Amino acid sequence: MRTKVWSLMAVTALALAGCNSSQDSSQSSTNQAAGAATSGQAAASGNTVSGTVSLRDGSAQLSPAAKLQIDLVDASAQGSAPLASKTVDPVASLPQSFELQFNPADVKATDLYVVKAVLTDGDRHYSMPLQALVLTKGASNQAAIQLVPEQTPGEKELAAFKDVQKQIGGMKVSNGTKLEKDISRGWQVFRQAGEVKFIRELVDYGDKGFTSTDYAYKGGKPWVVVQQKKSSKDAKPSSTDTAGWDDNGTLVLKQHEAGGKTDQLSADDAAALQKQAQDILTMASASKGK
């Protein structure tokens, strides 16, 4: 009788053990499935980089031609193709939100990844003063980018012109004059190592007005011309025309200022200034003091 009781208890224990084992196995499968689902969600949220692009100077105005290029690049692999790109053309307004989708399999944990943004608006380029690190090395998938303006090619030439303008006091100077019908012309020629670098010309047209013009040269060719037009010698300028050419002879600086407003100088007016610069250079080179 005692033997039968113990046998019955053993059978019951084995049955309970089997039940517990089945429950543990079921719970383990549920946990694994949940873990797999969580892992899948993490992978899905890890294939995008997002953020905003804005201008540091919030008052800057963009034209309808402004274009924004945003790239996700591997900074450790110079010259490699971007992992993702987005073009906004035209840029309606800033700040501009963005989202870049990439393949997580392309990301190497040991590499550095950055978001690069470049804004182009005519001759003006806006670039990033600071890198926007993302994805690896503890960086997040978010980037708040601020852009600052670069000098235009014309502004670079004008800045270099003003530097030369400040140096003419240390150059060799000679003077010249020429009288024409109803026109009185005088000029100063500034040379460095025998080469004409700068000419300042004053022309009195009598009742038709007065012009004061600064000409700068590179390699014997017109480089930058700034001409002020006045009603008389001592009057304030009524307008200022500025033209400049790069080393290839391309017109990159073209400004017309009048009435407190700055507009683009026409190609014909710039060509006229270039011809004046060449004519006065020929005249100055033929004069004494070479």
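## The β10–β11 and β9–β10 hairpins

In this predicted model, the hairpin of β10 and β11 has two residues between its strands, and Ala193 there takes a positive phi near 55°. Strand β10 and strand β11 (residues 195–204) run antiparallel and are joined by nine bridges; two strands count as paired if DSSP finds at least two bridges between them. Within this pairing, Val189 has Ile199 of β11 as its bridge partner.

Strand β10 (residues 183–192) also runs antiparallel to strand β9 (residues 172–180), and nine bridges join the two. Across this pairing, Asn175 stands opposite Gln188 in β10. The hairpin of β9 and β10 likewise has two residues between the strands, and in it Asp182 takes a positive phi near 65°.

## The chain and how the model is read

The protein chain holds three helices and 16 strands, where helices (H or I, at least four residues) and strands (E, at least two) are DSSP runs numbered from the N terminus. Of its 290 residues, 32% are buried, a word that here stands for under 20% relative accessible area, with exposed meaning over 50% and partly exposed lying in between (1.4 Å probe, protein chains only). Among contacts (heavy atoms within 4.5 Å) between residues at least 6 apart in sequence, 45% join residues at least 24 apart.

Residues are numbered from 1 along each chain as its sequence is written, and side-chain values use heavy atoms, with hydrogens and water left out. Since the model is predicted, local features need pLDDT of at least 70 and side-chain atom pairs count only at pLDDT 80 or more, whereas totals for chains, interfaces and linings use all residues.

## Aromatic pairs

The structure holds three aromatic pairs. One of them is formed by Phe161 and Trp223, which meet edge-to-face with 6.5 Å from centre to centre and 70° between the planes. This pair links distant parts of the chain, with Phe161 in helix α2 (residues 153–167) and Trp223 in strand β13 (residues 221–230), 62 residues apart. Both partners are buried: Phe161 has a relative accessible area of 2%, and Trp223 has a relative accessibility of 4%. The rings of Phe190 and Phe198 lie with their centres 6.0 Å apart and their planes at 75°, so this pair is edge-to-face too. For these terms, rings of Phe, Tyr and Trp (its six-membered ring) pair if their centres lie within 6.5 Å, and planes under 30 degrees apart count as stacked, over 60 as edge-to-face and the rest as tilted.

Phe190 is buried at a relative accessible area of 7%, and Phe198 is buried at 0%. Ring pairs link Phe161, Phe190, Phe198 and Trp223 into a cluster. In addition, the charged end of Lys218 sits over the ring of Trp223, 4.5 Å from its centre, under the rule that NZ of Lys or CZ of Arg is within 6 Å of the ring centre and within 35 degrees of the ring normal.

## Nonpolar cores

The largest nonpolar core has 25 residues, and those with the most contacts inside it are Leu68, Leu72, Phe98, Val115, Ile145 and Leu147. Elements that give two or more residues to this core include β1 (48–55), β2 (67–74) and β8 (142–149), while β5 gives the most, with four residues. Apart from this core lies another of 16 residues, among them Trp187, Ala243, Leu265 and Ile280. Such a core is a set of buried Ala, Val, Leu, Ile, Met, Phe, Trp, Tyr and Cys residues joined through side-chain atoms within 4.5 Å.

Leaving out residues up to four places away in sequence, Leu72 touches residues including Val49, Pro82, Leu100, Tyr113 and Val134.
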